[in-house]
Amino acid sequence: ALDRLQLCPNPQSRDVLLETISNDNFFYRVRCHAAYALTEVLNKMPETWSGVPALLSLYRRIYGAKSCPMLPRSNNFVVTSQNLQQYFLQQALPQALARMRTNGMALQEVQCFIVDYIRYNDNSINRYSDDHYRASLLNALAVCVAPVNTLGGGNYIPDALSWEMNEVVEETTHALNMDTIKPSFRHVVGVAALSVIHNLQRNGHIPSDSKIFWVFAAPKLCVN
């Protein structure tokens, strides 16, 4: 049914998909699939919405801090059926948001939102690791990277990068360095950060240089 809905880009399909994502009674995989379907619908009807995407507002309402929804609340992963479903949805929604496009480009607000949630992620009071959650945010950030020719860039001088791209490079480098010092589970965070760097190189934001990938591909560097 969700696959059929995404073939019908209209306000009714959008509202049904939003309701599906918001409904806690649905199985989490259905809700995650609805998020991706909603992205497809919105990409086919960009002229019908403006301002903050509804999916972004929904994410901030569910996972944002109560005092300031623009920032994430502290992680509190609890191993219960309900909380696990929220955990998987928490990973899926940024991935879906990152796939939203207008004129072939990711939304600047979505990119800034993902960068902020990476930067201000707080796992200090959580008894469980947030490695996979942080990796999912970095993977979403990689999807947000648009080709440089659509941005009017192409200059490899660091000062010539837009502030948005500077933020992306800064957070990605920080995540990669931290994963080198304190490895995440099977280096999932480092792998996701390398994926962002690869996309930055492939899309012309930074010079293509395979040396960094060879460094992390060295034998016995990553031990499971």
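Visitor: Why is H205 called buried?
Guide: The relative accessible area of H205 is 4%. Buried means under 20%, exposed means over 50%, and partly exposed is what lies in between, with a 1.4 Å probe and protein chains only. The value of H205 is under 20%, so H205 counts as buried.

Visitor: What kind of model do these values come from?
Guide: This is a predicted model, in which local features need pLDDT of at least 70 and side-chain atom pairs count only at pLDDT 80 or more, while totals for chains, interfaces and linings use all residues. Residues are numbered from 1 along each chain as its sequence is written, and side-chain values use heavy atoms, with hydrogens and water left out.

Visitor: Where does H205 lie, and what makes its link to A146 a polar contact?
Guide: H205 sits in the loop between helix 9 (188-202) and helix 10 (211-216). A polar atom of its side chain is 2.7 Å from the backbone oxygen of A146. A polar contact is a pair of N or O atoms within 3.5 Å; within protein, one must be able to donate a hydrogen and the other to accept it, and residues adjacent in sequence count only if both atoms are side-chain atoms. The 2.7 Å between H205 and A146 is within that 3.5 Å limit.

Visitor: Why is T39 called buried, and which backbone oxygen does its side chain approach?
Guide: T39, in helix 3 (residues 28-44), has a relative accessible area of 2%, so it counts as buried. A polar atom of the T39 side chain lies 2.9 Å from the backbone oxygen of A96.

Visitor: What makes D3 partly exposed?
Guide: D3 belongs to helix 1 (residues 2-5). Its relative accessibility is 44%, so D3 falls in the class between buried and exposed. The D3 side chain makes a polar contact of 2.8 Å with the side chain of H33. D3 and H33 are 30 residues apart in sequence, and their C-alpha atoms are 8.8 Å apart.

Visitor: In which class is V16, and how far from L5 is it?
Guide: V16 has a relative accessible area of 42% and is therefore partly exposed. The residue is part of helix 2 (residues 11-22). From V16 to L5 the C-alpha distance is 8.7 Å, with their positions 11 residues apart in sequence.

Visitor: How do you know that the buried residues of helix 2 line one face?
Guide: The buried residues of helix 2 are S13, L17, L18, T20 and I21. Viewed down the helix axis they fall within an arc of 160°, so they line one face of helix 2. The arc is taken over the directions from the helix axis to the C-beta atoms.

Visitor: How do you know that the length of helix 8 agrees with the expected span?
Guide: The expected span is 1.5 Å times one less than the number of residues. Helix 8 has 19 residues and should span 27 Å, and its end C-alpha atoms are 27 Å apart, so the two agree. Its buried residues are E164, M165, V168, E171, T172, A175, L176 and D179. These fall within an arc of 135° seen down the axis, so they line one face of helix 8. On the other side, W163 and I181 are exposed.

Visitor: What makes a space in the protein a pocket, and how much space lies in the largest pocket?
Guide: On a 1 Å grid over the protein atoms alone, a pocket is an open set of points where a 1.4 Å probe fits, with protein on both sides within 12 Å along at least five of seven lines; lining residues have an atom within 4 Å of a point. The largest pocket holds about 470 Å³. Its lining has 18 residues, of which N121, D130, R134, H174 and M178 lie nearest the centre. Helix 6 (108-119), helix 7 (131-144) and helix 8 (163-181) each give two or more residues to the lining, and helix 8 gives the largest share, five residues.

Visitor: What makes R186 and H187 stand out in phi?
Guide: Most residues other than glycine have a negative phi. R186 has a positive phi of about 50° and is not a glycine; H187, also a residue other than glycine, has phi near 55°. R186 is in the loop between helix 8 and helix 9, and H187 lies in the loop between helix 8 and helix 9. At 54% relative accessibility R186 is exposed, whereas H187, at 17%, is buried.

How values were computed. Points joined across faces, edges and corners; volume = space filled by probe spheres on them. Helix = DSSP H or I, 4+ residues; strand = E, 2+ residues; numbered from the N terminus.
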